[in-house]
Amino acid sequence: MKTKQTDLSASQSSYLAARKKERRLVLFFRIAVLVLFLVLWEWTAGEGIIDSFIFSSPSKILTCFLSMAADKSIFPHLSVTLYETIVSFLLVTGISILAAVLLWFSRKLSAVLEPYLVVLNSLPKSALAPLLIVWLGADRTTIIVAGMSVAVFGSIMTLYTCFTGTDKNKLKLIYTLHGTSLHALTKVVLPSAVPAIISNMKVNIGLCLVGVIIGEFLAAREGLGYLIIYSSQVFKMDWLLMSIILLCIMAMVLYAVIGLLERLCRKVL
Amino acid sequence: MDTILSINHISHSYHTLKGETPALYDISFSVNQGEFLAVVGPSGCGKSTLLSLISGLLQPEKGEILLHGKPIEEQKDKIGYMLQRDELLEWRSIYRNVLLGPEIQHSLNPEVKKRAHELLDAYGLGQFQSSRPSELSGGMRQRAALVRTLILNPEVLLLDEPFSALDYQTRLNVSDDIGQIIRREGKTALLVTHDLSEAISLADRILVLSSRPASLKTTVSLHFGFPKPADDTPLNRRNAPEFKTYFNLIWKELNQHENQTD
């Protein structure tokens with residue numbers, strides 16, 4: 001599998017060159033799509049083909065961002081949404097691993113709780129948000145709980161399914177070495193579930209962001225979700241579109257951080 | 001020779017919602033100290049169940065299993081079990097795979113670690129200690145699995161078709177290899193297999209089981225006329241004239257029963 005860089009055959013190096021060319025081409029078209037979209041948007045808005053009051057334009061969005069960055073009014077919104085998303089994501093990760101471990105230990109408990117998890121998972125979580133506001137008040141706790149509620153049930157179910165799918169023969173190995181089910185958990189179930197836990201985290205970070213934005217729509221005085229609702233009410237489309245673009249960037253960065261964690265885990269394991 | 005393990009009138013059934021499946025019926029035999037015993041029988045006759053019972057993974061419904069005359073439950077740690085596949089954990093190096101048993105039994109100390117290195121060296125895995133299991137060949141993986149079992153110093157070694165997952169050529173080499181290691185370590189071993197030639201090439205004595213529910217059909221003691229004990233290797237046995245005789249004898253026993261059930 002491992003070939004040294006120095007002594008490559010002609011066919012191997014031409015294969016590698018072709019691959020490299022293909023990768024560059026994909027990257028080029030990716031950037032081209034974005035640039036084309038932005039140019040077309042800017043041009044049609046400038047020519048009056050589309051109504052720039054409703055559709056805004058890339059340059060207006062950029063100026064809007066720069067002015068809000070200059071008077072520092074954008075940063076509280078960004079940091080609040082980021083903070084709420086990260087806290088709810090960490091709580092979801094911890095709680096779902098813990099809950100899945102408990103369910104794995106007790107077949108009876110999982111049999112009893114299964115229908116409840118299914119119902120809670122398929123319930124549209126945005127329906128819970130008004131309830132949470134009444135119960136917990138219109139503050140950050142509510143928004144964090146709203147963020148968690150979107151991800152946590154599905155996450156528990158995914159991890160539990162993954163844990164119970166552990167290779168039976170590997171578990172038998174632990175028992176033939178006279179280990180207990182705690183040994184089976186720590187030596188086999190959890191280590192073999194690391195890739196699944198990380199891919200589950202990738203799903204969760206996106207879902208938590210969805211939940212946090214839903215929460216901010218309903219019960220916040222700051223945050224990108226609040227900014228979106230507020231600007232739609234006062235028809236500031238530059239603000240609205242800027243918030244959406246900032247959300248895109250935030251989602252990408254969070255996803256990339258977990259991708260980094262994944263690569264780190266692969267190296268260690 | 002001293003009896004180390006006695007199996008007395010063991011019966012066992014599996015229960016599901018659809019009904020009861022008897023696996024073993026009234027099986028009795030004993031294993032002597034240092035003996036290599038093979039158990040053969042048709043596929044799915046309950047051979048693996050027998051090993052699960054002896055290792056204490058399952059409790060027999062009837063009968064008792066005694067090690068040194070005492071019930072097996074209190075001395076499970078004297079039984080080593082080698083599974084059908086090597087089951088090496090990919091996220092651990094070979095060395096750390098070998099230490100899995102001591103880790104679980106909280107007996108991990110410098111002495112055990114030293115012994116792990118010695119055993120790996122002795123069985124040709126010295127330079128692969130820090131390799132991942134996937135970097136090793138099938139035969140080497142199976143040897144690593146044997147070292148993982150031996151590090152716990154079991155008095156009785158249970159082998160559950162440990163070569164069945166290997167291709168034919170590797171299989172001959174590895175069974176030769178592992179057979180000799182077990183003899184060198186002076187272990188008492190109980191091999192379960194459906195491969196007659198494997199059983200004849202390795203064992204001192206062969207138990208023949210009937211198909212499910214398995215009961216003891218007959219026992220065959222193997223004697224090969226090798227002038228020197230060192231010549232008594234699995235490969236030499238396969239070429240010895242006695243091999244064919246034993247093969248036909250046991251083959252007849254197995255098929256006789258198959259025809260009865262058909």
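The contact between the two chains takes 14 residues from chain B and 15 residues from chain A, where two residues are in contact if their C-beta atoms, placed from the backbone, lie within 7 Å. On the side of chain B that touches chain A, the largest share, three residues, comes from helix H3 (residues 100–104) of chain B. Helices (H or I, at least four residues) and strands (E, at least two) are DSSP runs, numbered from the N terminus. The residues on this side of chain B divide into seven nonpolar, three polar and four charged. In this division Ala, Val, Leu, Ile, Met, Phe, Trp, Tyr, Cys and Pro count as nonpolar, Asp, Glu, Lys and Arg as charged, and the others, Gly among them, as polar.

The model is predicted, so local features need pLDDT of at least 70 and side-chain atom pairs count only at pLDDT 80 or more, while totals for chains, interfaces and linings use all residues. Residues are numbered from 1 along each chain as its sequence is written, and chains are lettered from A and ligands numbered from 1 in the order in which they are written.

**Confidence**

The model scores ipTM 0.85 and pTM 0.83. For single residues the confidence of the predictor is given by pLDDT, from 0 to 100. Chain A averages a pLDDT of 90, and 97% of the residues score at least 70. Chain B averages a pLDDT of 85, and there 97% of the residues score at least 70. Among the elements of chain A, the lowest mean pLDDT, 86, belongs to helix H2 (residues 52–55) of chain A, and the highest, 94, to helix H4 (residues 74–105) of chain A. In chain B, confidence is lowest in helix H9 (residues 241–261) of chain B, at a mean of 76, and highest in H2(B), at 92.

**Annotated spans of chain A**

An unreviewed UniProt entry annotates "transmembrane region" over residues 25–43, 86–105, 117–137, 143–163, 203–220 and 240–261 of chain A. The annotation "domain: ABC transmembrane type-1", from an unreviewed entry, covers residues 78–258 of chain A. UniProt positions are given in the numbering used here, feature names are shortened, and annotations may be inferred rather than shown by experiment. The table describes three of these spans.

| Span of chain A | Helix | Strand | Distance between end C-alpha atoms |
|---|---|---|---|
| residues 25–43 | 100% | 0% | 26 Å |
| residues 117–137 | 67% | 0% | 26 Å |
| residues 78–258 | 87% | 0% | 19 Å |

**Strands of chain B**

Two strands pair if DSSP finds at least two bridges between them. An open sheet of four strands in chain B has the order S2-S1-S4-S5, with antiparallel pairing. Its edge strands, which each pair on one side only, are strand S2 (19–32) and strand S5 (70–71) of chain B. Strand S4 (residues 62–67) of chain B runs antiparallel to S5(B), and two bridges join them. Here Leu66(B) stands opposite Pro71(B).

Strand S7 (residues 156–160) of chain B is largely enclosed by the rest of the structure, because five of its five residues are buried. A residue is buried if 20 or more other C-beta atoms lie within 10 Å of its own, exposed if 12 or fewer, and partly exposed in between, with C-beta atoms placed from the backbone. Both faces of S7(B) are covered: one side carries Val156(B), Leu158(B) and Asp160(B), and the other Leu157(B) and Leu159(B).

S7(B) has parallel partners. Strand S6 (residues 79–82) of chain B pairs with S7(B) over four bridges in the parallel sense, and Gly80(B) has Leu157(B) as its bridge partner. Five bridges join S7(B) to strand S8 (residues 188–193) of chain B, also in the parallel sense, and there Leu157(B) stands opposite Ala189(B). Together S7(B), helix H6 (residues 168–184) of chain B and S8(B) make a right-handed β-α-β unit; right-handed means that, with the strands pointing away from the viewer, the path from the first strand over the helix to the second runs clockwise.

Strand S9 (residues 205–209) of chain B is mostly covered, with four of its five residues buried. Strand S3 (residues 36–40) of chain B pairs with S9(B) in the parallel sense over four bridges, with Val39(B) opposite Leu207(B). Strand S10 (residues 216–221) of chain B runs antiparallel to S9(B), and five bridges join the two. Ile206(B) has Val220(B) as its bridge partner in S10(B). A hairpin of six residues joins S9(B) to S10(B).

**A loop residue**

Trp91(B) lies in the loop between S6 and helix H2 (94–98) of chain B. Trp91(B) counts as partly exposed because it has 15 C-beta neighbours inside 10 Å. The C-alpha atoms of Trp91(B) and Pro133(B) are separated by 8.6 Å, although these residues are 42 residues apart along the chain.
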